[in-house]
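User: I am new to reading structures and would like to go through this one step by step. Could you reason through each point with me?

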Amino acid sequence: MPDAQPAAAAPTDAALIAAYRGGDEQAAAALVRRHARALARFLAAAGGAEAELDDLVQETFVRAFRALGRFRGDCQFRTWLLTIGGNVLKDAQRRARRTRLVPLDEGVRSADGDPHERAVAAEAAARLAAGLARLPPMQRNVFLLRAQQGLEYAEIAAALGTTPGAARVHYHHAVKRLKEYVA
Amino acid sequence: MTQYEDLDDARLRRLAEQLGTAAAERLDVEATARGVLARLRRETRAPARPWWPAPAWLRAAAAAAAVVGLGVAGALVRGAAHRARAGDELAAPAGAELRELSADQLRELLETVSEPAAPGAPAAAALVATQDVGLDDLAVPQLRDLLQSLEG
């Protein structure tokens, strides 16, 4: 018999969701710890101001936990969460009556490379952020879910209630328009 | 698709992957988790909202409309009963005074009028009460008394 017990596998999202629905609030905390950064990255890229990021992330999780009964598992929990985050951000921007952009140095904050390269990369990132802010919400969400989160079209389509073919078209329209800003 | 476009796509994806990374890294995930749990607990403790979560001004307006409706109905009934001698007194509808009340006063008044008339009250008392209570609040004997008094 080995001395050490094998490390317990981390519970799946489905197991945590079931535990939370059974009254275990620490399961909710575990889901927040697991997905908060990916959600924050998505929200920041989609135009969420860093000062409001924590509020946006919290609001997204609260809405998601409220609506867990409607989560059918057609897509991953994270994908579903990101689409809720997109709606939360849209509501916040509607309230603020303005679109916020990611700061100029956001996203490409690396100590590597020479200052000139960093400045060029930061400028490109800022242009991309500006371009994203101008895209229709569906194109922006599809682009970020695909390019930033690396999701497949089928997964994106299931989360957004569309078809993989339509998601692919949204992505290509988004890329075409974003190239005009970034190039 | 040209090689130039392929390169552009790759660059765009790299930029997108990095976008928001620094802000996300600065997020205090533990604080976020605590905040989410606190909000969920508050929602659990909070009483269930009514199925008609109308804003306060709308509820006040609905209450005012209900009171005005009751007042007008009462005035019509009383007017029919006393039209020969009380016409001048009823020239100003009950709603005119109600319009001058604040939302809190209207709410208080609504609570007052929801109290049913005392059972077994005489017909005269029932007539007076109809200005302040809805017909639905009256018992069958009171309604019968009211009809008899209207018939003269």
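User: How many helices and how many strands are there in chain A?
Analyst: In this predicted model, the elements of chain A run α-α-α-α-α-α-α-α from the N terminus on. The secondary structure of chain A therefore holds no strand symbol in that pattern, given that helices and strands are taken from DSSP runs. The count comes to eight helices and zero strands.

User: What share of the residues in chain A is buried, and what is the share in chain B?
Analyst: A residue counts as buried if 20 or more other C-beta atoms lie within 10 Å of its own. By that cut-off, buried residues make up 42% of the 183 residues in chain A. For chain B, which has eight helices and zero strands, buried residues make up 16% of the 152 residues.

User: On which side or sides of helix 1 of chain A do the buried residues lie?
Analyst: Helix 1 of chain A spans residues 13-21, and its buried residues are A:D13, A:L16 and A:I17. Around the helix axis they cover an arc of only 100°, which puts them on the same side of helix 1 of chain A. In general, an α-helix has 3.6 residues a turn, so residues three or four places apart point the same way. What covers these buried residues includes helix 2 (25-45) and helix 4 (77-96) of chain A, and the answer to where they lie is the same side of helix 1.

User: Which helix gives the largest share of the largest nonpolar core?
Analyst: The largest nonpolar core has 62 residues, and those with the most contacts inside it are A:A40, A:L43, A:V57, A:L128 and A:I156. One of them, A:L43, is in contact with A:G48, A:L53, A:L56, A:V57, A:G85 and A:L89 once its neighbours within four places in sequence are left aside. The largest share of the core, eleven residues, comes from helix 2 of chain A.

User: Is A:L132 buried or exposed?
Analyst: A:L132 lies in helix 5 (residues 115-134) of chain A, and apart from its neighbours within four places in sequence, A:L132 is in contact with A:A45, A:A46, A:G47 and A:R140. A:L132 and A:A174 are 42 residues apart in sequence, while their C-alpha atoms are 8.3 Å apart in space. Because there are 25 other C-beta atoms within 10 Å, A:L132 is buried.

User: How is helix 7 of chain A oriented to helix 8 of chain A: roughly parallel or roughly perpendicular?
Analyst: Where these helices meet, A:Y153, A:A154, A:I156, A:A157 and A:L160 in helix 7 of chain A face A:P164, A:A166, A:A167 and A:R168 in helix 8 of chain A, and the residues of this contact divide into eight nonpolar, no polar and one charged. Helix 7 (residues 153-160) and helix 8 (residues 164-182) of chain A pack at an angle of about 100°, with their axes 8 Å apart. That angle makes helix 7 of chain A, with respect to helix 8 of chain A, roughly perpendicular.

User: How many nonpolar, polar and charged residues are on the side of chain B that touches chain A?
Analyst: Between the two chains, 23 residues of chain B are in contact with 37 residues of chain A. Helix 1 (3-18), helix 2 (21-25) and helix 3 (29-45) of chain B each supply at least two residues of the side that touches chain A. The residues on that side of chain B divide into 13 nonpolar, five polar and five charged.

Note on methods. Residues are numbered from 1 along each chain as its sequence is written. Chains are lettered from A and ligands numbered from 1 in the order in which they are written. This is a predicted model: local features need pLDDT of at least 70, side-chain atom pairs count only at pLDDT 80 or more; totals for chains, interfaces and linings use all residues. A residue is buried if 20 or more other C-beta atoms lie within 10 Å of its own, exposed if 12 or fewer, and partly exposed in between; C-beta atoms are placed from the backbone. Helices (H or I, at least four residues) and strands (E, at least two) are DSSP runs, numbered from the N terminus. The arc is that of the directions from the helix axis to the C-beta atoms. Two residues are in contact if their C-beta atoms, placed from the backbone, lie within 7 Å. A nonpolar core is a set of buried Ala, Val, Leu, Ile, Met, Phe, Trp, Tyr and Cys residues joined through C-beta atoms within 7 Å. Ala, Val, Leu, Ile, Met, Phe, Trp, Tyr, Cys and Pro count as nonpolar, Asp, Glu, Lys and Arg as charged, and the others, Gly among them, as polar. Axes are lines fitted to C-alpha atoms, for helices over the stretch in contact, and angles run from 0 to 180 degrees between N-to-C directions. Angles under 35 degrees count as roughly parallel, over 145 as roughly antiparallel, 65 to 115 as roughly perpendicular and the rest as oblique.
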